[in-house]
Amino acid sequence: MRRWEYVEGSASKFWETGTNGTVVTVRYGRCGSDGRTQTKDHASAEAAAAQAAKSIAEKERKGYREVGAVAAVSGTGPDPHSGESAGPSSVLLPDEDTFVLPAAWRQALHPRRGGVARKPAAAQRHHWNRLLVPTAAQKASIQGYLSAPRDAGLAEELRSHLAGSPSPSGAAALASIMRLDESAARTWPDIWSEQHGLPFAARATVELFMVGSPSELHGGKPIGPVAQALTGTGSVAWASPRRLTAHRVRELLAATDEATYRSAAEALTAHRTDAHRKIVTAYLVPSETDWVAELCTDPDVAAVRHQIMLSLVCGTLNSAEQAESFPHLPPIGHSLPVIATAAEGIGTAAVPMLAEGLSDGNHYSDGAKKTAEALVEFPTDDAFRLLLGRADSKQVRPSLLEAMHRYPVRALRLLSAEARDHAETSSVVSLQLLPGHVAAHRGQVEAVLPALDNELVAVIEPLLNPVGLTADASADALPAALTGPPESLPGGPRARKLPLWANPALLPQIDVVSGGALPQTSVLHVLSMLATSGPGRVHPGLGSLTRTADAASLAEFGWALFQQWQFALMPPEESWALRALGVLGNDDTVRRLTPVIRAWPGEGAHHRAVEGLDVLAAIGSDVALLHLHGISERVKFKALKLRATEKIAEVAAGLGLTGDQLSDRLVPGFGLNADGSTVIDYGSRTFTVGFDEQLRPYVLDGDGKRLKDLPKPGAQDHAGLAPAERKRFVALKKDVRTVASHRVHRLEDAMVAGRSWTAQEFRALFVGHSLVCHLVRRLVWLSETDEGRTAFRVAEDRTFADAEDESFALPEHATVRPAHPLHLGGQLSTWARLFADYGIMQPFQQLARPVFTPAAEDTGNRLTRFEGLKVPTAKVIGLERRGWERGAPQDAGVERWISKWLGDRWLVIALRYGVHVGDIDMTQLQTIETVWLDNRPADYRPADRGYPLRFDELDAVTLSELLADLTDLTEGVAA
């Protein structure tokens, strides 16, 4: 008997069924119990099988999942989400070799006589009048054909048929001339059967495949009432509608009485005159086994290459041996009825016909999904290998995971063999899947391990018995939220069914602060709490978890859960695994997640990226907010950038700050000393790590000797401390690199925009910060008071000095901002010499920054001297690095302008050809049509609206910066 189980929340039920001749046996109950058994006798073995298939379909619709065959062993096996392991003697080993035609396939296939019994669908009589009473136009077409036929013999058959002498060829010609669309193709068989009998309908169907028009053959439009008989192996009519006619007649023949069937078979005998007719007749009556066998040996049939004809062959064959006679059978993976029909005849021999369906490109991605779902139903190594070979495909991977669940022993054997053969390649999917599979099916693995090859055992055994696991913490040491059902907590929502990938056995242990690790039953509660938490709604029991468990361990658990969700192709309904990072994550999580968030919009996953921003905000640490702010300032996807900006504003408002003020404070100290250094302790030796004026790390050994890099831990170093300290060093380097890029960008923006800080803010946020002070010392600053403006720099000892290198006292009431070269006047050269003398390298162009002044004509609304110039499209797009934004796509996805926000207005460049979204190389050169100021970026339409904003209203720095952008854009180009 086959067994299904239903496990959701507190429900844990099983249901088993099997047939023995005409008897159907059912056993059901709670998992772990003996259950109740019922039997029922049916009229025939076919009726018993049909009832069993119907019951199975109903159970699967209700959520029951097949887990195996009970007759294989005793016992019921563990619940896959229970965290329990069954021993080898009691484990349930499923039947992984018997192919059973799925219930859905039994309903979809084109039935054959003696096969799956199915009542034919009712005739579509509402279409009959359209075919039986031709319109005036159709009558004219018929008469036009008869008056000037392309094929005299076929015309004579049509005349006879219309005159009341039924002719299969004439009926086929009439159907072809009256336009054989899909509804007509399904309807003609019923009309023919009622008027002339089913044997006539079968004969007319064969002839229909041999009647067509030249326009049909070449895919052209109808060229008039033309029909002709077709001959030769390469000239069968394009047969998609004709296949529907054949399907209907085959369905009727499968269910008709024996006398009618025999009469039809005898009538078809006379039509088996060439290869194509032999194929069609055999398809209509595949129970004529001699005809099917003849197809396999006929050289003319073997020479047929027409895909439609060969697809009929797929549904005709009766054995795997017959399938081997046709090496050129077409792929069948895109059609469930075709797959099911072939599988009824040849069983698992249909698998090779599905292989090509997985190799299609994105154009057939739905077909690849259907093919993969079909392969799951075939319990063979070949089917599993096909899925495993395309595990990187988002259309295929869910089916691979389902196959692993259905056939755990086969999956174990083939995954371990793949892992053995690719041990040096860490990216092989089997190496990612196998550890979790072993953990999820521990009892079954233990049961079959003695029967496997030694080479496979060597791969599996270390995964079955991993070293270094922490013993479970005592239940007495755990809060009730982690030991009782999650829904039992006040305010806790009802538990939901967890997906297969959210299995405690697939995830790392969660360490408890007081010692030990959470038992897997408690981990299951944690997963349930995470799954029932929603946006802005955290399960109340998770507070107990974060107080009980080690924070670093929780972060690793959360990231592993997120990776499981990723590997399952991130189903949207299970995005709680992403949100869980906001509850469990730490700064390491932030560093891992941020690049993923940045990439998602480019993969068509903007909404998922927005959820990722919410995760960063929920983590809420300085590092998290720093990365969130970085996305708000520099990411190539405008919608994500805008949402990140809004998120930063929300966080800032909650703290009573502006977005800029929050950003100024988003520079973590990273635990560094006042001089920006930290000690890395390996136990047996220590190192000092610091950062130079360009925020590049340096390492000193215990004697103060500068090293090229921090060495890896050695045998003499502390086994636990040294690796953790090196990991801290690697993370520190990444964080400081992020800070440096972010701060440099903001300081340059502040110089251009004229943003300033109070003297107190400057000292606290810039001079006093252990990292930012390195950048501050490499710039010239302006102190501004009512009494005047003074340029100064920050010395190495964090005191201030003026252009003469004399001490400067920064007034408490002053405001401070980075100096633009235009602010320094005659002191510019003095400052340049001073920085050169001290060897100070600036983080961006400040003292050496090009300065531009407007030409005489640069006073109105437009900069005409740049208009008409031709510039490379790549340089136009490069302006985005300077803060420009490409325009919204217009007709045909063309971005017709690019613009830059100047603080109170926009500078807009209109492009003659525009940038084509998705194909930026379509136009290599762009002509600058218009350069103007506007209160919004849009097309330049002087006939529709006025443009009052003028360039002579801009301050000198803003004007110099925009002229610098335009000068660089047009450098070396001509009109």
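The paragraphs below lead through a predicted model, taking selected strands, aromatic pairs, helices and single residues in turn.

The strands at the beginning of the chain offer a starting point. Strand S1, residues 2-8, and strand S2, residues 11-20, run antiparallel and are joined by seven bridges. Within this pairing, Arg2 is found opposite Thr17 of S2. S2 is also joined to strand S3, residues 23-30, again in the antiparallel sense, here by eight bridges. On that side Gly18 stands opposite Thr25 in S3. The connection from S2 to S3 is a hairpin with two residues between the strands, and Gly21 in the turn has a positive phi of about 70 degrees.

Strand S1 also takes part in an aromatic contact. The structure holds 24 aromatic pairs. One of them is formed by Tyr6 and Tyr64, a tilted pair with 5.4 Å from centre to centre and 35 degrees between the planes. Tyr6 belongs to strand S1, while Tyr64 lies in the loop between helix H1 (45-61) and strand S5 (65-69), so the pair ties together parts that are 58 residues apart in sequence. Tyr6 and Tyr64 are both buried.

A second pair, Phe762 and Phe792, has another geometry: the ring centres are 5.9 Å apart and the planes stand at 90 degrees, so this pair is edge-to-face. Here too distant parts of the chain are linked, since Phe762 is in helix H36 (residues 759-767) and Phe792 in strand S14 (residues 788-794), 30 residues apart. Phe762 counts as buried because its relative accessibility is 0%, and Phe792 is likewise buried at 0%. Both residues belong to a cluster in which ring pairs link Trp757, Phe762, Phe766, Trp781, Phe792, Phe800 and Phe808.

Strand S14 leads to a sheet. This open sheet has five strands in the order S12-S16-S13-S14-S15, with antiparallel pairing. Strand S12 (757-758) and strand S15 (800-801) stand at the edges with a single partner strand each, so one side of each has no neighbour in the sheet. Further inside the order, strand S13 (residues 781-785) pairs with strand S16 (residues 815-818) over four bridges in the antiparallel sense. In this pairing, Leu782 has Arg817 of S16 as its bridge partner.

Just before S13 in the description of the chain comes a loop, between helix H37 (772-776) and S13, and Arg778 lies in it. Is Arg778 buried or exposed? With a relative accessibility of 5%, Arg778 counts as buried, because the limit for a buried residue is under 20%. A polar atom of its side chain lies 2.6 Å from the backbone oxygen of Met841. Residues that Arg778 touches, leaving aside those up to four places away in sequence, are Glu693, Gln694, Phe835, Ile840, Met841, Gln842 and Pro843.

The helices H30 and H31 form the next topic. Helix H30 (residues 587-599) has 13 residues and reaches 19 Å from its first C-alpha to its last, close to the expected 18 Å. At the start of H30, a side-chain oxygen of Asn586 comes to within 3.1 Å of the backbone nitrogen of Asp588. H30 bends by about 30 degrees at Leu593, and Pro595 follows within four residues. Leu593 is also among the buried residues of H30, which are Thr589, Val590, Arg591, Leu593, Thr594, Val596 and Ile597. These buried residues pack against several helices, including H28 (551-567), H31 (606-619) and H35 (721-753).

For H31, the 14 residues should span 20 Å at 1.5 Å a residue, and the end C-alpha atoms are indeed 20 Å apart. Its buried residues are Ala609, Val610, Gly612, Leu613, Val615, Leu616 and Ile619, and they pack against H29, H30, H32 and H33. After H31 comes Gly620, with a positive phi near 75 degrees.

A final residue is Gln432, placed in helix H23 (residues 429-440). Gln432 is partly exposed, with a relative accessible area of 46%. Its C-alpha atom is separated by 9.2 Å from that of Ala419, a residue 13 places away along the chain.

Notes: Residues are numbered from 1 along each chain as its sequence is written. This is a predicted model: local features need pLDDT of at least 70, side-chain atom pairs count only at pLDDT 80 or more; totals for chains, interfaces and linings use all residues. Side-chain values use heavy atoms; hydrogens and water are left out. The expected span of a helix is 1.5 Å times one less than its number of residues. The bend at a residue is the angle between axes fitted to the seven residues ending there and the seven starting there. Buried means under 20% relative accessible area, exposed over 50%, partly exposed in between (1.4 Å probe, protein chains only). Contact means heavy atoms within 4.5 Å. A polar contact is a pair of N or O atoms within 3.5 Å; within protein, one must be able to donate a hydrogen and the other to accept it, and residues adjacent in sequence count only if both atoms are side-chain atoms. Two strands pair if DSSP finds at least two bridges between them. Rings of Phe, Tyr and Trp (its six-membered ring) pair if their centres lie within 6.5 Å; planes under 30 degrees apart count as stacked, over 60 as edge-to-face and the rest as tilted.
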